[in-house]
Amino acid sequence: MKIIKERLQEAVRLYFVLVTLISVLLMILGMAFDRDRILGYEVFLSPLIYAAIGIIPVFFFGNEKEISMKRLLIQRFITLGFIETVMLALAFSASTIPTEKKGVVIGIAVGIVVVYVLSLAAEYLFELGVSKSINKALAEYQSENGSN
Amino acid sequence: MELKVKQVPTEQPEVLEIRYHKLTDEIEEIISFVKSRQGQLDARKDGREIEIPVVDVFYAESVDNRVFLYTEKDSFEVRLKLYELEEKLGGRSFIRVQKSMLLNLMKIKSIKPALGGRYSALLKNGEEIVISRKYVMDLKNALTRPGHGAGGKV
């Protein structure tokens with residue numbers, strides 16, 4: 001139960017980070033490759049859908065096992081590969097995305113890597129904040145119990 | 001050597017401080033006595049039986065069904081299972097940080113993120129220990145619990 005709760009918290013946190021980053025990515029790619037296209041309001045759903053796909057690996061790659069740094073990195077690469085595959089498959093199946101342009105496909109592929117790296121950076125910043133609060137509590141704990 | 005004994009309010013920690021010009025055998029004996037009063041663990045090293053003061057233990061780790069205690073520069077084997085050691089150290093500053101490891105909170109210098117919800121604890125002897133994601137919440141709870149339940153003096 002504790003693990004499911006933690007996993008959900010992580011997924012929600014990642015989801016909103018991804019929605020923001022994907023919106024920025026779509027804006028950049030659209031302005032670069034398809035500036036004149038007029039889109040309907042349904043386009044606002046795209047970042048929400050893509051971000052939902054992006055958080056799927058959170059539920060599959062459980063970290064309850066104590067994995068090494070090497071395995072963790074491999075896991076991250078597999079996750080990135082999964083997201084790249086699904087997103088590109090979606091892009092090629094969507095009629096609104098001009099995948100016939102090589103630049104668009106490269107832009108999506110590179111953009112996904114950038115978004116993924118930025119989401120990891122956001123995760124690191126969040127954990128850095130947590131570690132600061134732990135360090136503060138630790139200093140108080142050691143001071144109260146007589147540091148040795 | 002002058003001896004000072006002073007009562008302090010309960011909200012202040014009890015401290016036994018020894019000020020010396022030179023670390024003589026006599027002073028080491030006093031330190032050893034004080035440490036022994038705070039608990040010892042029976043351990044083995046190179047076939048010799050040794051008593052290790054609990055306050056000197058940085059962490060304990062189970063490797064291939066054998067449990068080892070790690071002090072600042074040394075390691076010793078104990079004839080206990082990790083869960084038995086955990087029970088024995090209950091109420092002290094030890095907390096499980098991995099499935100096979102107990103860590104002394106008093107020996108942590110600082111904590112930093114280590115990717116994937118894990119954290120890395122830099123110990124006062126320079127070693128780094130990974131705190132697994134599963135035990136991070138327990139660590140936070142132990143440190144923020146009123147009265148600091150995981151601890152007490154070690």
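Start with α5(A) and α3(B), which cross in a left-handed sense. The model on screen is predicted.

**Stop 1: the helix crossing between chains**

Select residues 102–145 of chain A, which form α5, and residues 133–144 of chain B, which form α3. Two packed helices are described by the angle between their axes and the distance between the axes. Here the axes come within 9 Å and cross at roughly 40°. That angle makes α5(A) oblique to α3(B), because it falls in neither the parallel class, under 35 degrees, nor the perpendicular one, 65 to 115.

Now show side chains at the contact. From α5(A), pick V130(A), I134(A), A137(A), L138(A) and Y141(A). Facing them in α3(B) are V136(B), L139(B), K140(B), A142(B), L143(B) and T144(B). Sorted by class, the contact of α5(A) with α3(B) has 9 nonpolar, 1 polar and 1 charged residues.

**Stop 2: the strands of chain B**

Stay in chain B and select β5, residues 75–78. Two neighbours are worth colouring separately.

- β1(B) is antiparallel to β5(B), with 2 bridges joining them. Along this pairing, R44(B) stands opposite E77(B).
- β4(B) is also antiparallel to β5(B), and 4 bridges join this pair. Select L69(B) to find its bridge partner in β5(B), F76(B).

Next, trace the backbone from β4(B) into β5(B): a hairpin of 4 residues makes the connection.

**Stop 3: two loop residues with positive phi**

Most residues other than glycine have a negative phi. Which value does phi of D46(B) take? Phi of D46(B) is near 50°, which is positive although the residue is not glycine. To locate D46(B), select the loop between β1 (40–45) and β2 (48–53) of chain B. Is D46(B) buried or exposed? D46(B) counts as exposed because its relative accessibility is 72%, and the cut-off is over 50%.

Move on to N65(B), another residue other than glycine with a positive phi, near 65°. N65(B) is found in the loop between β3 (59–63) and β4 (66–70) of chain B. With 69% relative accessibility, N65(B) also counts as exposed.

To finish, display β4(B) with both of its ends in view. The loop holding N65(B) lies between β3 and β4 of chain B, and the 4-residue hairpin joins β4(B) to β5(B).

Methods:
Residues numbered from 1 in each chain as written. Chains lettered and ligands numbered in written order. Predicted model: local features only at pLDDT ≥ 70, side-chain atom pairs only at ≥ 80, totals over all residues. Heavy atoms only, no water. Buried < 20%, exposed > 50% of the residue type's maximum accessible area, 1.4 Å probe, protein only. Pairing = 2+ DSSP bridges. Axes fitted to C-alpha atoms, helices over the stretch in contact; angles between N-to-C directions. Parallel < 35°, antiparallel > 145°, perpendicular 65-115°, else oblique. Left-handed = near helix turned anticlockwise from the far one by under 90°. Contact = heavy atoms within 4.5 Å. Nonpolar A, V, L, I, M, F, W, Y, C, P; charged D, E, K, R; others polar.
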